[in-house]
Amino acid sequence: MPFIKVGQENSADIELFYEDYGSGEPMVLIHGYPFSGLAWERQISFFVEQGYRVITYDRRGFGMSSKPSVGYDFDTFAKDLNFLMTELDLHNVTLVGHSMGTGEVTRYLSKFDLNRVKCGVLVSPLQPFLLKTVENLTGVDQKVFDGMKEAIIKDRYAFIPQFLKNFYNLGILTTSLSEEKLAADFALAAEASPIATLKCVDTWTTDFRPDLVKLKNFPMLVIHGSKDQILPIDSTANLLPDLIGCELKVIEGGSHGIPWTHGYVMSQMILDFMTTAGVTKTEDSAPIH
């Protein structure tokens, strides 16, 4: 199985597990919390059939990657992504992140080699700044994140079903979701490192506004569900067009789990955008670092 070493803790290597499908222009898909690259099941098959090379990887602490006690911050996550991009020598890449994965995309684009990247896609993004403060009144109260951490510490296994309920808006949306899918998501989330599950909550309040300043002229697509209960659209995606001039696509009635519930629709949006970005990106469109 393919692994890339990204660091070391004590006597153990820290490795990322990745999967590499198909051939053609490359895409790197970065999963959300608390899952793994398997969360991109519907996008993998779609884009491979469209003639793309699709690469997924498990974030440190999740899936089949190493589960260290350190490195749960977006500077480290972006460095991990850079190891992957460099090791596989990827160029003309479309970077796609869902939820927490949008943090890797944004931080990587603001700090690393943009010559490797054609465009970026943020699905259900964390950006620009999720935490409510006196100067960011559209954000989410700190007590919400504190409550999640308390629930994880008390009983991580009881926390997961409640998180999935909000992830898919169960009981609110009419979109059907099989018991088998929920069971698979539970198993995937339960497999994650308890340390990573807890520590990653703190990363959601990262202020990405300094990163976004550097991306104002870079080809970016944002996709968000209008009924997202995990990352409310008014605190996140609706603010981004004015900040970076991105294209925003809203999936009406969509929950946080649109890569699954609206997999084809979302994939088609990304495909259409990549085709356009490939034509319109010029040297002048790259942000200045």
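Gln43 is buried, with a relative accessible area of 1%. This is a predicted model. Its structure holds 14 salt bridges, while the disulfide count comes to zero. Helix 3 is largely enclosed by the rest of the structure, because 10 of its 11 residues are buried.

**Gln43 and its surroundings**

- Gln43 belongs to helix 1, which covers residues 41-49.
- A polar atom of the Gln43 side chain lies 3.0 Å from the backbone oxygen of Pro259.
- Pro259 is also among the residues that Gln43 touches, leaving aside those up to four places away in sequence. The others are Leu29, Gly263, Met266 and Ser267.
- At a relative accessible area of 1%, Gln43 counts as buried because that value falls under 20%.

**Helix 3**

- Helix 3 covers residues 101-111.
- Its buried residues include Gly101, Thr102, Gly103, Glu104 and Val105.
- Thr106, Arg107, Tyr108, Leu109 and Ser110 are buried as well.
- Arg107 has a relative accessible area of 9%.

**Arg107 and Asp75**

- Arg107 forms a salt bridge with Asp75, and the closest N and O atoms are 2.7 Å apart.
- Arg107 lies in helix 3 and Asp75 in helix 2 (residues 74-87), so the salt bridge ties together parts that are 32 residues apart in sequence.
- Arg107 is buried, whereas Asp75 is partly exposed, with a relative accessible area of 36%.

**Glu25 and Lys118**

- The side chains of Glu25 and Lys118 meet in a salt bridge, at 2.6 Å from N to O.
- This pair links distant parts of the chain, 93 residues apart. Glu25 sits in the loop between strand 2 (12-21) and strand 3 (26-30). Lys118 sits in strand 6 (residues 117-123).
- Lys118 is buried, with a relative accessible area of 6%.
- Glu25 is partly exposed, at 25% relative accessibility.

**Arg209, Asp207 and a salt-bridge network**

- Arg209 and Asp207 form a side-chain salt bridge, at 2.8 Å from N to O.
- Arg209 is partly exposed, with a relative accessible area of 28%. Asp207 is partly exposed at 28% relative accessibility.
- Asp75, Arg107 and Asp211 are joined into one network by salt bridges that share partners.

**Cysteines**

- The count of disulfides is zero. Cys246 is in no disulfide, and the nearest cysteine sulfur, that of Cys119, is 13 Å away.
- A disulfide needs the two sulfur atoms within 2.5 Å, so the 13 Å between the sulfurs of Cys246 and Cys119 rules out that pair.
- Cys246 is buried, with a relative accessible area of 10%.
- Cys200 is buried too, with a relative accessible area of 0%.

**Nonpolar surface patch**

- Met1, Phe3 and Met64 make a nonpolar surface patch of about 320 Å².
- Phe3 belongs to strand 1 (residues 3-9).
- Phe3 is partly exposed, with a relative accessible area of 32%. Patch residues need over 30%, so Phe3 meets that cut-off.

Terms used
Residues are numbered from 1 along each chain as its sequence is written. This is a predicted model: local features need pLDDT of at least 70, side-chain atom pairs count only at pLDDT 80 or more; totals for chains, interfaces and linings use all residues. Side-chain values use heavy atoms; hydrogens and water are left out. Helices (H or I, at least four residues) and strands (E, at least two) are DSSP runs, numbered from the N terminus. Buried means under 20% relative accessible area, exposed over 50%, partly exposed in between (1.4 Å probe, protein chains only). A polar contact is a pair of N or O atoms within 3.5 Å; within protein, one must be able to donate a hydrogen and the other to accept it, and residues adjacent in sequence count only if both atoms are side-chain atoms. Contact means heavy atoms within 4.5 Å. Patches are made of residues with over 30% relative accessible area and no salt bridge: like charges are joined within 9 Å, nonpolar side chains (Val, Leu, Ile, Met, Phe, Trp, Tyr) within 5 Å. Accessible areas come from the Shrake-Rupley method with a 1.4 Å probe; for residues, only the protein chains shown count as cover. A salt bridge is a side-chain nitrogen of Lys or Arg within 4 Å of a carboxyl oxygen of Asp or Glu.
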